[in-house]
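User: I'd like to learn how to read a few features of a model, step by step. Can you walk me through it?

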Amino acid sequence: MAPKAGGDSAKVNSTVYKNKSKPTDVRLSNINAAKAVSDAIRTSLGPRGMDKMIQAANGEVTITNDGATILKQMSVIHPAAKMLVELSRAQDIEAGDGTTSVVVIAGALLDAAEKLLQKGIHPTVISDGFQKALQMALQVVESMSIPVDLTNEDALLKAAATSLNSKVVSQHSSILAPIAVQAICAVMETIPGGVGARVDLRDVKVIERIGGTVEDTELIQGLVIPHRSANVNGPHRIEKAKVGLIQFCISPPKTDMDHNVIVSDYAAMDRVLKEERQYILNIVKQIKKAGCNVLLVQKSILRDALSDLAVHFLDKIKTMVIKDIEREDIEFVCKTLGCRPIASLDHFTAENMVNVDLVEEINEPGGRYIKMTGCNNGGRTVSVLVRGTSGAVVAEAARSLHDALCVVRCVARRPALLPGGGAPEAAASAALARAAIAAPGADHYCLRAYADALEVVPSTLAENAGLNPIETVTELRAAHASGAAGCGAGVNVRRGRVTDMRQEHVLQPLQVTSSALGLATETVRAILKIDDILSTKIFESILLGVGVRALLGDCSEYYMERGPQDCDLHRLT
């Protein structure tokens, strides 16, 4: 048996040694899969980009041109293609905008890398050359940036409007852009002695409501609770309210899951009801003693947060009750009102109440909701009520507003703006093309390929706007060929020609562009260094693990005989 085993080993080694084309085939397969994802959303780039209609398995339809939303709902199987989905998600987390641009740039860089591979340049050399090109491009982009004073809301407004102009709700940018700027300015905290400001988007609560139009979207300096009060005959409007937030239930306590209470006669039943009534009455008396007239109750999963008898008593003492406050909303509610959640009845005192100028229940055709304004002790938070004629319109308006909020946040963090319309990419491409002339060896080809790949942004903008991409890119090259510092020439899709985008007030944050270039280059370098794809033996690991019979039961021998190729692994996970 030993000679046979040795012969098999030598045969396997010989096969592996001869299969030199496998790394190349794997690399090309990864590049083609990633380029397919890039091409799928390339038509969505820019203000004249097309929208995608996405139908989920449950029949829900989403209409959007946001790259992160499209890729998140796409069914992607190839591991290299999944890397571009993660790339878009990373850009969404880092900058909040530019999710389509980063994938399009990555696809163009992969196409350029494929041509370099065909010339015989080693993938590691290409990767290092792209890293050098990235550093040069970032220097060019930063040199043409325009510093911004955060007290100048006009500059922030231009950045927010530029982001919204490429969305489905672009016709409402004049309404949504000021709301985004006002919201960020309200929650922004300046850094003492530093540059920029701190902005936490969790301090901006976006509530979606069907009814009205996008033009009815409003910014509320206070708290909005998107459901009606629990009262039957209680008040619907309270001025100078005292608000309390509780985390305990105003309902009779229940036994444990495995215990029962057996009532054998009417006297015992009356005694149980009397005790329940007295228990709830004591809680309500304590609420009245504290002077609370607006009560917020956290949602409970163990029992009803509010019983019918409790509602009856609270109606009598003229207290508005809002129940089912979600656990994840407690932090925002506390920060907005300046209160603390009360976990027990003993701590429900007047000192733990907060004063609010006005609490009212708004009745609309789409339903009721609670609005609280004038929170004297509240923190830096705002609520935005987004409206629309249908669920799809409201959802897209909320996504567009989120992107605008992220853009203004980027400017607050790094106060610098760039001209839009592909101007930064065109300027970086022109600078890299000049640097490639003097670059030695393979760096010449890498810098030139990187420069050509960056032109995909203005080319795609022109193509999606119905312009001639070759003529537009040639005109753009000529505008940037002089190398003048701070040249802002870009593709003006409204006028159909190349203009100075700074004069058109088309501006975008520096962080969005620099983040897109950095993340796209990093992902392309990772894909280029992959020369093989290996699959882990999940099935064999499960079968050989402890407790296989407990996992598969009587079917364990059946699956052992059939093998992993005939099994449905989803049933095991």
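Analyst: We'll go through backbone angles, one helix and the cavities. Keep in mind that this is a predicted model.

User: Let's start with phi. What is the usual sign?

Analyst: Most residues other than glycine have a negative phi. Here, Lys240 has a positive phi of about 50° although it isn't a glycine. His505, also not a glycine, has a positive phi near 60°.

User: Where do Lys240 and His505 sit?

Analyst: Lys240 is in strand β9 (residues 237-246), and His505 lies in the loop between β17 (497-500) and β18 (507-509). Lys240 counts as exposed because its relative accessibility is 65%, while His505 is partly exposed at 43%.

User: What span does helix α2 have against the expected one?

Analyst: The idea is to take the span from first C-alpha to last and set it beside what 1.5 Å a residue would give. For α2 (residues 22-42), with 21 residues, the span is 30 Å, close to the expected 30 Å.

User: And what do the buried residues of α2 pack against?

Analyst: Their partners include β1 (52-55), α3 (67-73) and α17 (510-528). Among the buried residues are Val26, Arg27, Ile31 and Lys35.

User: How many cavities of 30 Å³ or more are there?

Analyst: Two, and the largest has a volume of about 40 Å³. Its lining is Ala426, Ser429, Glu455, Pro458, Val473, Leu476 and Arg477. Helices α13 (423-438) and α16 (469-481) are the elements that each give two or more of those residues, and α16 has the largest share, three residues. By type, the lining divides into four nonpolar, one polar and two charged residues.

Key. Residues numbered from 1 in each chain as written. Predicted model: local features only at pLDDT ≥ 70, side-chain atom pairs only at ≥ 80, totals over all residues. Heavy atoms only, no water. Helix = DSSP H or I, 4+ residues; strand = E, 2+ residues; numbered from the N terminus. Buried < 20%, exposed > 50% of the residue type's maximum accessible area, 1.4 Å probe, protein only. Expected span 1.5 Å × (residues − 1). Contact = heavy atoms within 4.5 Å. 1 Å grid on protein atoms, 1.4 Å probe; cavity = no way out; pocket = protein on both sides within 12 Å on 5 of 7 lines; lining within 4 Å. Points joined across faces, edges and corners; volume = space filled by probe spheres on them. Nonpolar A, V, L, I, M, F, W, Y, C, P; charged D, E, K, R; others polar.
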